[in-house]
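Hi,

Here is the structure I promised to pass along. Have a look at it first, and then read on for what turned up.

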Amino acid sequence: MTRTSVPDEGLGGLARHVRAACLRAARNGYEQAGLSGLCPEGRWEMAIDSIRSLDLDAIVRSRSHTVEGDQS
């Protein structure tokens with residue numbers, strides 16, 4: 001049994017949603033690190049940390065509300 005109410009046919013959409021959130025977080029972290037003057041290695045570390053700090057439960061909840069709304 002899964003923790004979310006996303007139906008099986010919506011799992012691909014959930015995966016795309018999570019991937020997009022990870023890419024946004026990485027880009028934002030990389031850009032912020034650059035603005036702070038970090039070297040390329042530091043910028044990369046900041047991008048990875050941004051992904052690690054994502055609230056995955058919130059991402060899943062937001063997607064499950066979207067899927068439930070689409071079924072109406």
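Gly13 sits in helix α1, and this is a predicted model, so please read everything below in that light. Is Gly13 buried or exposed? Gly13 counts as buried because its relative accessible area is 9%, which falls under the 20% cut-off. Another point about Gly13 concerns a residue far along the sequence: Arg63 is 50 residues away in the chain, yet the two C-alpha atoms lie 8.2 Å apart in space.

That pair made me look at the fold as a whole. The chain has three helices and zero strands, so that, read from the N terminus, the order of its elements is α-α-α. Of the contacts that join residues at least 6 apart in sequence, 64% link residues at least 24 apart. Buried residues account for 25% of the 72 in the chain. The accessible surface adds up to about 5,300 Å², with 54% of it belonging to carbon and sulfur atoms.

Next, the packing of the helices. Two packed helices are described by the angle between their axes and the distance between those axes. For α1 (residues 11-35) and α2 (residues 40-52), the angle is about 145° and the axes are 7 Å apart. The crossing of α1 past α2 is right-handed.

If you would like to colour the contact, these are the residues to pick:

- From α1: Cys22, Ala25, Ala26, Gly29, Tyr30, Glu31, Ala33 and Gly34.
- From α2: Pro40, Gly42, Arg43, Trp44, Met46, Ala47, Ser50 and Ile51.

Sorted by class, this contact of α1 with α2 comprises 10 nonpolar, four polar and two charged residues.

Last, the charged pairs. How many salt bridges does the count come to? The count is one salt bridge, and the partners are Asp49 and Arg52, whose closest N and O atoms are 3.5 Å apart. Both belong to helix α2, and because they are three residues apart there, about one helical turn separates them. Their surroundings can be compared through accessibility: Asp49 is partly exposed, at 43% relative accessibility, while Arg52 is exposed, with a relative accessible area of 64%.

That is what I have for now. I hope you enjoy turning the model around on your screen!

Best wishes

Methods
Residues numbered from 1 in each chain as written. Predicted model: local features only at pLDDT ≥ 70, side-chain atom pairs only at ≥ 80, totals over all residues. Heavy atoms only, no water. Axes fitted to C-alpha atoms, helices over the stretch in contact; angles between N-to-C directions. Helix = DSSP H or I, 4+ residues; strand = E, 2+ residues; numbered from the N terminus. Left-handed = near helix turned anticlockwise from the far one by under 90°. Contact = heavy atoms within 4.5 Å. Nonpolar A, V, L, I, M, F, W, Y, C, P; charged D, E, K, R; others polar. Buried < 20%, exposed > 50% of the residue type's maximum accessible area, 1.4 Å probe, protein only. Areas by Shrake-Rupley, 256 points an atom, 1.4 Å probe, with all protein chains shown as cover. Salt bridge = Lys/Arg side-chain N within 4 Å of Asp/Glu carboxyl O.
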